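I opened this notebook to record what I looked up in one structure, entry by entry.

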Amino acid sequence: MERRLAAILAADVVGYSRLMERDEAGTLAVLKSRRAEILQPVVSKHHGRIVKLMGDGVLVEFASAVNAVDCGVELQEAMEAANAELPEDQRLIWRVGINLGDVMVEGSDLYGDGVTIAARLEALAEPGSVLVSQTVFSHVRGKVQFGFDDMGDHSLKNLVEPVRVYRVSAGSADAMRARQDPAMPSKPSIAVLPFRNMSGDPAQDYFSDGITENIITDLSRFRDLFVIASNSTFAYKGKAVKMQNVSRELGARYVLEGSVQRSSDRVRITAQLIDGATGRHLWAERYDRGVADIFAVQDEVTETIVGTLATAYGGRLRKAWQGRAEGAGPRNFQAIDYFQRGMES
């Protein structure tokens with residue numbers, strides 16, 4: 001397999017699932033327009049190659065780190081100009097991560113840590129911003145017209161060594177200093193962050209991740225509640241985050257976080273619901289149960305969330321919960337535990 005050094009730019013749309021839920025056809029039309037009118041011309045101007053499009057995301061390869069950074073900043077400037085014509089709740093806002101590293105080439109696709117780090121930086125970036133790795137910073141410093149804010153070392157998922165991260169501050173480019181935030185949906189919205197595995201055994205991540213996914217699924221049953229998709233919230237796994245930032249970046253008024261500690265046939269779950277606008281804790285609870293009772297705990301957490309939000313938004317959520325259909329057939333813990341363990345491996 002061929003290897004080469006390349007600058008990789010990864011970008012995606014902030015709050016894409018929220019935009020699609022609001023107006024699927026309109027959002028897709030705007031995305032296609034942005035690709036044709038902004039992405040492809042700007043990438044071509046800076047001598048990049050679009051490796052692949054992935055839903056709302058894109059992966060681009062450059063032979064030069066300078067070209068990659070120039071491209072990332074110009075993309076954000078062009079996106080801001082295009083968004084000025086749209087209402088706030090219809091704007092497509094990108095976040096961009098750039099890394100310089102060794103990549104493996106297979107056909108037209110690229111693999112390896114060089115790509116992975118770019119993708120992790122993109123997930124870490126604030127809406128409307130460009131983050132770069134230490135290797136990019138070292139190569140472009142003094143060669144571009146932008147400043148850089150040192151964001152410190154970050155531990156990125158599936159990488160052993162921490163990565164030094166820098167945010168591009170684009171001098172006169174207001175697009176890079178004035179961050180754009182996705183508008184909140186009109187109905188109550190919630191983001192469920194990955195529950196932390198407190199068992200002291202990384203092999204138990206599948207268990208805490210499974211509980212998180214199940215709570216998201218339970219909450220998603222209510223049409224009067226907008227639930228952020230797990231592929232967006234799991235980008236925050238293992239990171240120390242400020243709840244107001246999570247709320248703003250995902251377009252969710254409320255944030256649920258918690259932890260799971262499993263020991264043989266017992267499990268302890270903590271959960272707390274936070275108002276993303278103020279950072280105020282609305283409620284917190286701890287559950288000590290046998291693992292066979294895990295579904296009852298998930299139901300209790302879901303019911304408490306629905307009840308809390310119903311107080312602020314009216315009784316439709318509470319009525320929906322009380323009138324919900326019970327699951328079709330019993331939920332077997334051991335079977336689902338084996339399934340989640342298999343998916344994790």
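**Entry 1: His47.** I began with exposure: His47 is exposed, because its relative accessibility is 61% and the cut-off for exposed is over 50%. The model is a predicted one. I located His47 in the loop between α2 (24–45) and β2 (49–54). I then looked up its backbone and found a phi near 65 degrees, a positive value in a residue other than glycine. For context, I note that most residues other than glycine have a negative phi.

**Entry 2: Asp89.** Is Asp89 buried, partly exposed or exposed? I read a relative accessibility of 24%, so Asp89 counts as partly exposed; the buried class would require a value under 20%. Asp89 sits in the loop between α3 (65–83) and β4 (94–106). I also checked Asp89 against Leu19: the two are 70 residues apart in sequence, and their C-alpha atoms are 7.7 Å apart in space.

**Entry 3: helix α9.** I listed the buried residues of α9 (residues 243–250) as Met243, Val246, Ser247, Glu249 and Leu250. Which elements do the buried residues of α9 pack against? I found two helices, α1 (16–22) and α8 (230–233), and three strands, β9 (189–192), β12 (254–263) and β13 (266–275). Just after α9, Gly251 has a positive phi of about 70 degrees.

**Entry 4: the second largest pocket.** I recorded a volume of about 380 Å³ for the second largest pocket. Its lining has 19 residues, and those closest to the centre are Leu124, His154, Ala240, Val241 and Glu249. Glu249 had already appeared in my list of buried residues of α9. Which element gives the most to this lining? It is α9, with 3 residues. At least two residues each come from α4 (113–124), β7 (147–154), β8 (163–169) and α9. By class, I noted 10 nonpolar, 4 polar and 5 charged residues in the lining.

**Entry 5: confidence.** I closed with the pLDDT values. The chain averages 81, and 83% of the residues score at least 70. Among the elements, strand β6 (residues 130–133) has the highest mean pLDDT, 95, and helix α6 (residues 174–177) the lowest, 41. Over residues 171–181 the pLDDT is below 50, and I noted 27 contacts for this stretch beyond near neighbours in sequence. Residues 325–340 also have a pLDDT below 50, with 17 contacts beyond near neighbours in sequence. I add a caution to myself: where pLDDT is low, the predicted coordinates should not be read in detail.

How values were computed. Residues are numbered from 1 along each chain as its sequence is written. This is a predicted model: local features need pLDDT of at least 70, side-chain atom pairs count only at pLDDT 80 or more; totals for chains, interfaces and linings use all residues. Side-chain values use heavy atoms; hydrogens and water are left out. pLDDT is the predictor's confidence in each residue, from 0 to 100. Helices (H or I, at least four residues) and strands (E, at least two) are DSSP runs, numbered from the N terminus. Contact means heavy atoms within 4.5 Å. Buried means under 20% relative accessible area, exposed over 50%, partly exposed in between (1.4 Å probe, protein chains only). On a 1 Å grid over the protein atoms alone, a cavity is a set of points where a 1.4 Å probe fits but cannot get out, and a pocket is an open set with protein on both sides within 12 Å along at least five of seven lines; lining residues have an atom within 4 Å of a point. Grid points are joined across faces, edges and corners, and a volume is the space filled by probe spheres set on the points. Ala, Val, Leu, Ile, Met, Phe, Trp, Tyr, Cys and Pro count as nonpolar, Asp, Glu, Lys and Arg as charged, and the others, Gly among them, as polar.
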